Every structure is written in C-alpha cells, then in structure tokens.
Amino acid sequence: MAWNTFSTVAETVKALDDKQVSAVELATHYLDRADALQPALNAYVTLDREKTLVEAAAADAKRAAGETAPLLGVPIAHKDIYLIEGWRTTCGSKMLENFIAPYTSTVVKNMSDAGMVTLGKLNMDEFAMGSSNETSYFGPVKNPWDVSRVPGGSSGGSAASVAAGLAPASTGTDTGGSIRQPAMFCNLTGLKPTYGVCSRFGIIAFASSLDQAGPFAQTAEDCALLLTAMAGFDAHDATSLDRPKENYSRDLSRPLNGLRIGLPKEFFGEGVAPGIAKAVDDALTVYRKLGAITVEVSLPNVKYSVPAYYVVAPAEASSNLSRFDGVRYGHRAAQYSDLMDMYMRSRAEGFGAEVKRRILIGAYVLSHGYYDAYYLQAGKLRRLIAEDFKRAYEVCDVVMGPTAPETAFQFGAKSDDPVKMYLNDIFTICANLTGQPAMSHPCGVDEAGQHVGMQIIGNYLDEARMLNVAHQYQLATDWHRKHPSI
Amino acid sequence: MSLTPQDIERIAHLARIRVTPADVADVQVKLDGIFKLIDEMQAVDTTGVEPMSHGLDMVLRLRDDAVTEINRRDVFLKNAPESADGYFLVPKVIE
C-alpha cells in the first residue's frame with residue numbers, strides 16, 4: 001500500500017525501508033498539515049520547523065549510511081509536559097510560558113534513540129489537570145471529528161494531532177485517564193503502562209504516585225512498537241522498575257481462544273450512556289466470536305476511586321507545584337511588596353483556576369490534623385481497590401468496560417462544575433490508583449456519531465497481552481481505520 | 001463538611017496563592033462541592049488496612065554517594081526571572 005497521511009507507524013517504517021518516502025518528506029508533510037490546521041484545531045503549542053528538519057535530515061543520513069534503529073525517521077509529536085532540551089516546554093501554563101527545557105526527558109530520549117523525529121509540542125490541560133483541554137492557557141484543542149466538541153483531556157493535543165493526521169503518533173501522560181479518555185474521544189488507541197514501566201524523569205510532575213507516560217496511535221500494533229521504544233529502567237526515576245527491556249509486539253498474533261474477559265458489574269451500571277453500552281456490548285460479541293469468554297466480576301470498592309483520587313492527586317500536586325515560586329523559573333509578578341507577596345502574586349497570576357483549586361485542596365488535606373482523615377484514608381482505599389482487582393484476576397485475564405461514561409461533550413458543558421468534570425474519569429482513575437496497565441481502543445459510535453472506546457485493564461506488567469487482545473480485535477474490525485474529514 | 005472564608009484564607013496562605021477577597025466566595029463554593037465528593041470515602045471502614053502508594057510495593061533504591069551530575073549553573077540560570085553573578089535574585093528579606 002502506498003504511503004499516505006493516515007499510514008500507521010508500522011506502515012510508515014515499511015515505506016521508509018522501501019524508500020517510498022524520506023524522513024524529511026514525512027516531517028515536511030506533517031509540519032505543513034500541522035500549520036494548516038493549527039487555526040482550526042489548536043493542537044500544538046510549539047512547532048519549530050528548523051529543529052524538526054535537522055532531526056529528519058539526520059535520520060535520512062543515517063539510513064543512507066546503512067545505520068538502523070527500529071523507528072528511524074518516523075515523526076512523533078510530544079505532549080508539552082515532556083522536557084526536550086532547547087525546546088520551550090509550557091505544560092499548558094502561563095507559569096511556564098517562556099520556559100526553555102535545560103535537559104531532555106528519558107522517554108523522549110528513548111524515542112530519539114529509536115530514531116524518531118520530534119515534530120513539536122502538543123497542547124494540553126494546564127499541568128495535565130483537566131478532562132476536556134479547556135484549562136490550557138493556550139486555549140482549548142478542538143476535536144477533529146466535531147470542532148464544537150472537546151478532544152478529551154488532559155492529553156487533548158496528543159489525541160487531536162494523531163486523529164487529524166498532524167502526526168502519525170504522539171506521547172501523552174495519564175494520571176487519572178489523560179491518555180485513555182482522549183483516545184476514546186478522538187477514535188484512537190492509547191495505552192497507560194504499569195506504573196514504573198516508563199521513566200517519569202523530565203516529565204513535569206503532577207501526582208508522582210499516579211503519573212505515567214504512554215503512547216497514542218491509530219492501532220494497538222503501533223502502540224506496541226512505541227511502548228517498546230519508550231519503556232525501560234531509568235536510574236533517574238526513583239520509582240522506575242528495574243527489569244529487562246521487553247518487546248511488546250511479541251504476542252500480537254496470538255489467537256484469543258480461551259481468553260477470559262472479566263466484566264465488572266460496576267462498569268455497566270446506570271451511569272453509562274446507552275450508545276456507549278450498546279457499542280461496548282457489540283465489541284464483546286466480536287471478542288466472543290474471536291474465542292474469548294466473558295465472566296462477571298465485581299470491584300466493590302472501585303466506586304471510591306474518584307473521591308480517593310481527589311485527595312491523592314491534589315495532595316501530590318500541591319507538593320510538586322510548590323517548586324513554582326517565581327524564583328528559579330517560571331512567571332514572576334511584576335509588582336510585589338516583599339518575598340511572601342512575590343510568591344503569592346506570582347502563583348496567583350501564573351496558575352489558572354483549576355490548578356489553583358487543586359493546590360488548595362492538596363494544601364488542606366495535607367495540613368496539620370487532617371492527614372489521617374484524607375491522605376492516609378485514600379491510601380487505604382487504594383489497597384482495597386487493588387485487592388478487588390487481585391480477586392478479579394483469579395477468574396479472568398483482562399478486565400473490560402467502557403473507557404468513559406459519555407462520549408465527547410460540547411465545549412462549556414462541564415467547565416463551570418468541577419465535580420461533573422471529574423466524574424467523566426470514573427472508569428479510568430482506578431488503574432492509576434492501583435498502578436495497573438490500562439488502554440482504550442475504538443469500538444464504535446453512539447447515536448450522535450461520537451466515538452466509543454473499550455477500556456482494557458490488565459494485571460501488572462501484562463501490556464503485551466493487552467496489546468495482543470486489542471490487535472486481534474482490530475484485525476476483525478475497522479473502527480480504528482476511520483478518519484475525520486478535516 | 002463546609003469550609004469557612006477563614007479556612008480559604010488559611011489554605012491560600014499555606015499554598016502561597018493569593019486569593020482576593022472578591023474570589024473567596026467562589027473558591028469556597030467550588031471546594032465545598034469537591035469535598036462533598038471526597039467525603040464519600042469516609043463511609044468505608046478501613047481499620048487494619050495497610051495504605052498503598054505503589055501497586056508492586058517496591059522499595060526505593062539507594063545509589064552510591066557520588067557526584068553524578070556536572071555543573072550546569074549557567075544553563076539553569078537562563079530560566080530565572082532575575083539573576084546576577086551566578087545567583088537567583090529575590091526581593092530583599094533582611095533589612
């Protein structure tokens with residue numbers, strides 16, 4: 001098949017190998033599209049054509065010299081939370097509007113080592129706090145399927161860019177669903193690996209015990225290639241898992257005969273929109289045809305995920321974001337009376353409303369006398385939720401359900417009510433609290449034509465099997481090959 | 001649980017974020033809504049449950065006590081709002 005805008009990463013590698021296209025041609029093509037669609041979609045925060053083309057030319061030179069790397073010359077765009085030395089890195093915030101990263105994150109370095117060419121930095125909710133991309137200081141990203149709707153968040157630019165063919169793949173981060181929910185809203189495949197599989201070094205921290213990096217792509221096959229490049233032990237990250245490198249593509253072609261899919265009754269209740277329930281049900285029929293069996297499981301404590309998350313994430317965020325003090329980097333207020341006033345005004349001006357809310361919640365729950373009632377209680381609930389999953393995996397291999405309770409919503413639909421916004425992450429947050437791998441793949445549309453995602457939650461370090469499962473589904477269906485007409 | 005304007009002022013000070021008197025009421029309403037959600041978890045009896053922060057219950061590694069980073073002071077100072085002679089500048093703190 002001839003290479004085109006919507007070629008997958010796997011197809012692009014083949015096109016490069018066959019000399020159908022060069023790395024410079026690929027980079028130029030996606031940069032041109034990114035420029036042309038920036039006014040409509042606002043997917044990127046920073047593009048630097050010169051830097052990108054230098055990298056692309058270097059990849060072509062390596063290919064000409066006979067050097068190889070698994071993804072040599074394939075372009076990728078990075079969420080603007082990843083530091084890349086010499087690139088502006090804003091985290092979607094006024095606080096870091098002019099911040100130039102002094103070093104490169106391990107994930108980006110790993111992808112560069114695998115030969116990938118950086119296309120640019122993608123828009124996101126401010127400090128990754130949001131489910132709709134409406135909290136970005138640089139304005140919201142639009143959903144390429146319907147520009148009146150949100151692309152999801154916080155990795156909204158990561159999803160919109162791949163869905164609209166502005167990049168063949170992208171990176172995101174997922175603290176409570178920030179890869180999986182936008183992947184669903186934009187009809188993509190996105191994976192949050194087991195906590196500790198991808199290094200957090202050089203990723204601007206939101207909630208350190210929950211944050212995890214992962215890929216966005218059109219297919220599970222691509223996610224496997226990307227994860228293989230991204231993952232690996234890193235001494236710079238204290239919670240990085242010290243284990244051998246994995247080839248996440250190794251099990252893709254395994255048949256699903258006998259696969260046991262656990263369906264938690266808590267994921268199929270009244271909160272799920274009917275169009276989503278129908279699409280997920282149809283997808284399960286496909287899985288059964290492929291030889292899988294479904295079993296009902298129960299995760300009774302999963303209903304406490306959202307409350308526990310809104311203690312853990314703000315508490316850790318309030319600690320992590322204390323570094324933005326207007327002294328070493330970031331925004332400093334123009335007018336102040338003394339040092340304390342400078343801190344307070346710089347932070348009031350530099351952070352947006354949602355970020356400030358979460359810092360205030362965090363400061364409260366960590367303040368004297370409240371620790372046991374909040375952070376400790378949330379930590380105990382994490383254990384109870386993890387034990388629910390442990391029991392479920394005694395009778396199933398993977399857990400499945402809808403990625404989100406509703407499809408892409410209109411701009412402004414939830415922006416005045418934080419709690420309503422938070423509840424959109426009701427099915428995704430549990431995997432961050434437990435540290436398990438979880439992914440979303442396209443599985444249909446609702447009555448309004450909006451995309452539905454199937455979430456697969458795996459046992460710890462079971463990414464290769466989850467990718468196998470999603471890949472087999474994608475061999476039998478074509479939801480993932482549909483593209484917006486933009 | 002309901003927060004008071006004094007609570008908002010206290011946590012704003014702890015968080016080093018200026019909240020203007022005009023904004024206190026709105027912040028209070030939004031935080032009250034969020035705490036109503038958070039307080040659902042108080043219904044669970046967790047007596048005897050060990051808190052968890054990492055699913056694989058890993059322990060933190062130690063490394064050799066050796067210098068591993070090179071001095072890149074000038075690169076880091078480039079992002080400072082104000083600096084001079086290799087130092088970060090802050091408003092005068094000692095009269």
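These legends walk through several close-up views of a predicted model with chains A and B.

**View 1. The nonpolar core and the residues at its busiest points.** The largest nonpolar core holds 170 residues, and Val311(A), Leu360(A) and Ile456(A) are the ones that touch the most other members. Helix H9 of chain A, residues 305-320, gives this core its largest share, with nine residues. Two of the busy residues return below: Val311(A) in the view of H9(A) against H2(B), and Leu360(A) in the view of H11(A).

**View 2. Where chain B meets chain A.** Here the two chains come together, with 55 residues of chain A and 42 residues of chain B taking part in the contact. On the chain B side, helices H1 (5-14), H2 (21-38) and H3 (73-77) each supply at least two residues. H2(B) gives the most, with seven residues. Sorted by class, the chain B side has 26 nonpolar, seven polar and nine charged residues.

**View 3. Helix H9 of chain A packed against helix H2 of chain B.** H9(A) has 16 residues and runs 22 Å from its first C-alpha to its last, close to the 22 Å expected at 1.5 Å a residue. Of those 16 residues, 14 are buried, so H9(A) is largely enclosed by the rest of the structure. Against H2(B), the axes lie 8 Å apart at an angle of about 125 degrees. The two helices are therefore oblique to each other, as this angle falls between the perpendicular range, which ends at 115, and the antiparallel range, which begins over 145. Look for Val306(A), Pro307(A), Tyr310(A) and Val311(A) from H9(A), which meet Ile34(B), Leu37(B) and Ile38(B) from H2(B). This contact has seven nonpolar residues, with no polar and no charged ones.

**View 4. Helix H11 of chain A under its cover.** The 13 residues of H11(A), 353-365, should span 18 Å at 1.5 Å a residue, and the 19 Å between the end C-alpha atoms agrees. H11(A) is mostly covered, with 10 of its 13 residues buried. Among the buried ones are Lys356(A) and Arg358(A), alongside residues such as Ile359(A), Leu360(A) and Ile361(A). The cover is drawn from both chains: it includes H9 and H12 (372-392) of chain A as well as H1 and H2 of chain B. Leu360(A) shows the link to chain B well, being in contact with Ile11(B), Ala12(B), Ala15(B), Ile17(B), Val27(B) and Leu31(B) once its neighbours within four places in sequence are left aside.

**View 5. Helices H7 and H15 of chain A side by side.** The axes of H7(A) and H15(A), residues 463-476, come within 8 Å and cross at roughly 155 degrees. H7(A) and H15(A) are therefore roughly antiparallel, the angle being over 145 degrees. From H7(A), Ala220(A), Glu221(A), Cys223(A), Ala224(A) and Leu227(A) take part, and they meet Glu463(A), Leu467(A), Ala470(A), His471(A) and Gln474(A) of H15(A). By class, this contact divides into six nonpolar, two polar and two charged residues.

**View 6. Tyr248(A), a loop residue that reaches distant sequence.** Tyr248(A) sits in the loop between helix H7 (220-230) and strand E7 (260-264) of chain A. With 27 other C-beta atoms within 10 Å, Tyr248(A) is buried, because 20 or more are enough to count as such. Beyond its neighbours within four places in sequence, Tyr248(A) is in contact with Ala224(A), Leu227(A), Thr228(A), Glu463(A), Ala464(A) and Leu467(A). Tyr248(A) and Leu467(A) are 219 residues apart in sequence, yet their C-alpha atoms are 7.7 Å apart in space.

**View 7. Backbone details in the loop between E3 and H5 of chain A.** Most residues other than glycine have a negative phi, and most peptide bonds are trans. Phe127(A), in the loop between E3 and H5 of chain A, has a positive phi of about 50 degrees although it is not a glycine. Phe127(A) counts as buried, with 31 C-beta neighbours inside 10 Å. Ser154(A) lies in the loop between strand E3 (117-122) and helix H5 (156-163). The peptide bond leading from Gly153(A) to Ser154(A) is cis, with omega near 5 degrees.

**View 8. Asn187(A), a positive phi in another loop.** Asn187(A) is found in the loop between helix H6 (180-185) and strand E5 (189-192) of chain A. Its phi is positive, at about 65 degrees, although Asn187(A) is not a glycine. Asn187(A) counts as buried, with 29 C-beta neighbours inside 10 Å.

Technical notes
Residues numbered from 1 in each chain as written. Chains lettered and ligands numbered in written order. Predicted model: local features only at pLDDT ≥ 70, side-chain atom pairs only at ≥ 80, totals over all residues. Core = buried A, V, L, I, M, F, W, Y, C linked by C-beta atoms within 7 Å. Buried ≥ 20, exposed ≤ 12 C-beta atoms within 10 Å, placed from the backbone. Helix = DSSP H or I, 4+ residues; strand = E, 2+ residues; numbered from the N terminus. Contact = placed C-beta atoms within 7 Å. Nonpolar A, V, L, I, M, F, W, Y, C, P; charged D, E, K, R; others polar. Axes fitted to C-alpha atoms, helices over the stretch in contact; angles between N-to-C directions. Parallel < 35°, antiparallel > 145°, perpendicular 65-115°, else oblique. Expected span 1.5 Å × (residues − 1).
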